[in-house]
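Please look at the structure below with the domain arrangement of one chain in mind. My comments follow it.

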Amino acid sequence: MKRKLLYLSLLGVMLFSAFPLYFSFVVSTKDNSALADVSLIPGANLVSNIKRVFDTVPFDQAIINSLIVSSAVTASVVLFSTLAGFAFAKLHFRWRTGLLLAVVATMMVPTQLGIIPQFMLITELEWHDTLTAVIVPALVNAFGVFFMTQYLSEALPTELIEAGRVDGAASHRLFWHVVLPVARPAMAVLAMLTFLASWNDYLWPLVVLASPENQTVQVALSQLRAGYVTDYSLALTGTMLATIPLVIVFGALGKQLIGGIMQGAIKG
Amino acid sequence: MRTWLYKVDTRVSPYLYIAPFFLLFAVFGLWPLFYTAYVSLFDWSLLKDEHTFIGLQNYGEMFQDSYFWNALFNTVSILALSTIPQLLLSLLLAHLINRRLRLKTFWRLGMLLPNVTSVVAVAVIFSQLFGRDFGLINWTLEHLGLGRVDWQAGVLSSHIAISTMIIWQWAGYNALIFLAAMQAVPKELYESATLDGATEFQQLRQITIPSIRPTIIFVVMVSTIFGLQVFAQPQLFAGGGGGAALTGGSDRQFQTLTLYLYEHGFSRGFEFGYASSVAWVMFLVIVVFAFINYRLVRRIKK
């Protein structure tokens, strides 16, 4: 009886999680004028709504832009975090503990509040309205460094590094031949988390990307919501187009993602 | 020669490897934060070439602007309405799945699903659900005979709608963080408590919560810091193009501090000086709230 109640409440939680997405999908399949009749059965207007999304905003270009930004950011974050993680986890240098503490502390700094000088800097560098403005500030972050440090200090046997040292291997050789193979699972998880965060980023791209052809998916989506009377069929079709690929990838790789989040948390 | 190179390598390489992070953080994180304080002392606009030093005038103007106090109130209200229920929900959820379960991964995936959705998507989805005329929630309320609510129009109702977006997106994620911490609590503690006849709720309160105290502190701090910077949800909830989106509703009933900053910094005449003073005050507000909340959760007994 108690067991049943438990599973029943878990089902309730699942419904709470998934229903808003399902309902949005239903709205995206209907004509906007038909939204007064609330129902849970999909309509027949999905294709025409998708066409309208591409007619209203340069959505294909936005997807390409987001793919460029997120891929570049992900590759860079994973590389630099693994390098730094290697150093913090296994190399000896002065102020190591202090610097690692500094990395952790920076996670708590609300850097978003520096947005005005950040914007001035981007303008000074003549990066305004270019994807570079979105990519460069995100090339590496504290979470990535901390995450890889945690992983490597456990998963990478110190003896392996020492053996390599005895053979006279330089640090970059150790990195390529010893660290990278061991780090691969954590790098994959970090790549997923980073790609997701970058794909979903909003305020900064909104501020620095002005022209429609330079916008990312999230900024393009926000344009669909604008207008005095929101066309929800249109807005939610765009939302679904931007969300469903992520949900599919999540279904395939979510287990590793959960593992990563929980692993980061234990020591975090 | 080789040994010399080797020495340089072991001495220098570590710093080289950690340098990218510190460089990038210095340039795009730390420096802008301090420079914000400097800019806030000027009459500084993107549209004017000259920047006049005006001391604390921007701050004086801000403290006399009732819209600023309104934004501060809204921000704190949304923070309270989202963080407190979310924490309780996350703890409860984590407690529910912290046991042997069938379909373990399925429940966890379901809980994390909302977090994959972008903040823009969440805002658009819930703006529809909370819509006055065709929203699902009002449709349901009406069928239950409770009558419609104009969610956007009211102060409390709009704050509830925005808080719901935040809770929906983050409750499951934080539950997984709590779950990770709960799994490290020794099982024997629960076994002996069960023998002593402690109910499940008593075990949650007296064993689980004190044991995962550091994690709770961490989650509360992070939720506070980010919760005070809420932007996309109120901006997109207003929709309405241009005007209402910047002001957080026609009566500024849900304009948050970040939205207020954005309104001054990036639309109305690009008042960088004034917006910087807003940012700096927000920084202080965040420090104060983080400190208060730290003190509050630290009082959980060990």
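The points below go from the chain as a whole to the contact between its domains.

1. The model is predicted. Everything here should be read as computed from that model.

2. Chain B has 302 residues, of which 56% count as buried. Its secondary structure consists of 14 helices and 2 strands. Along the principal axes, the C-alpha atoms of chain B occupy a box of roughly 85 × 75 × 35 Å.

3. Contacts in chain B between residues at least 6 apart in sequence were also sorted by separation, and 68% of them join residues at least 24 apart.

4. The domain assignment splits chain B into domain 1, residues 2-39, and domain 2, residues 65-298. Taken over C-alpha atoms, the centres of these two domains of chain B are separated by 35 Å.

5. How many residues of each domain are in contact with the other? Domain 1 of chain B contributes 4 residues and domain 2 of chain B contributes 6. Between them the two domains bury about 420 Å², with 82% of that area on carbon and sulfur atoms.

6. On the domain 1 side, B:Leu33, B:Thr36 and B:Val39 supply 79% of the area buried against domain 2 of chain B, more than any other three residues. The residues of domain 1 of chain B that touch domain 2 divide into 3 nonpolar, 1 polar and no charged.

7. The count of salt bridges between domain 1 and domain 2 of chain B is 0. The count of residue pairs in polar contact between these domains is also 0, with both residues required to be at pLDDT 80 or more.

Key:
Residues numbered from 1 in each chain as written. Chains lettered and ligands numbered in written order. Predicted model: local features only at pLDDT ≥ 70, side-chain atom pairs only at ≥ 80, totals over all residues. Heavy atoms only, no water. Domains from an automatic or database assignment. Contact = heavy atoms within 4.5 Å. Buried area = accessible area lost by both parts, 1.4 Å probe. Salt bridge = Lys/Arg side-chain N within 4 Å of Asp/Glu carboxyl O. Polar contact = N/O pair within 3.5 Å; in protein donor to acceptor, adjacent residues only side chain to side chain. Nonpolar A, V, L, I, M, F, W, Y, C, P; charged D, E, K, R; others polar. Helix = DSSP H or I, 4+ residues; strand = E, 2+ residues; numbered from the N terminus. Buried < 20%, exposed > 50% of the residue type's maximum accessible area, 1.4 Å probe, protein only.
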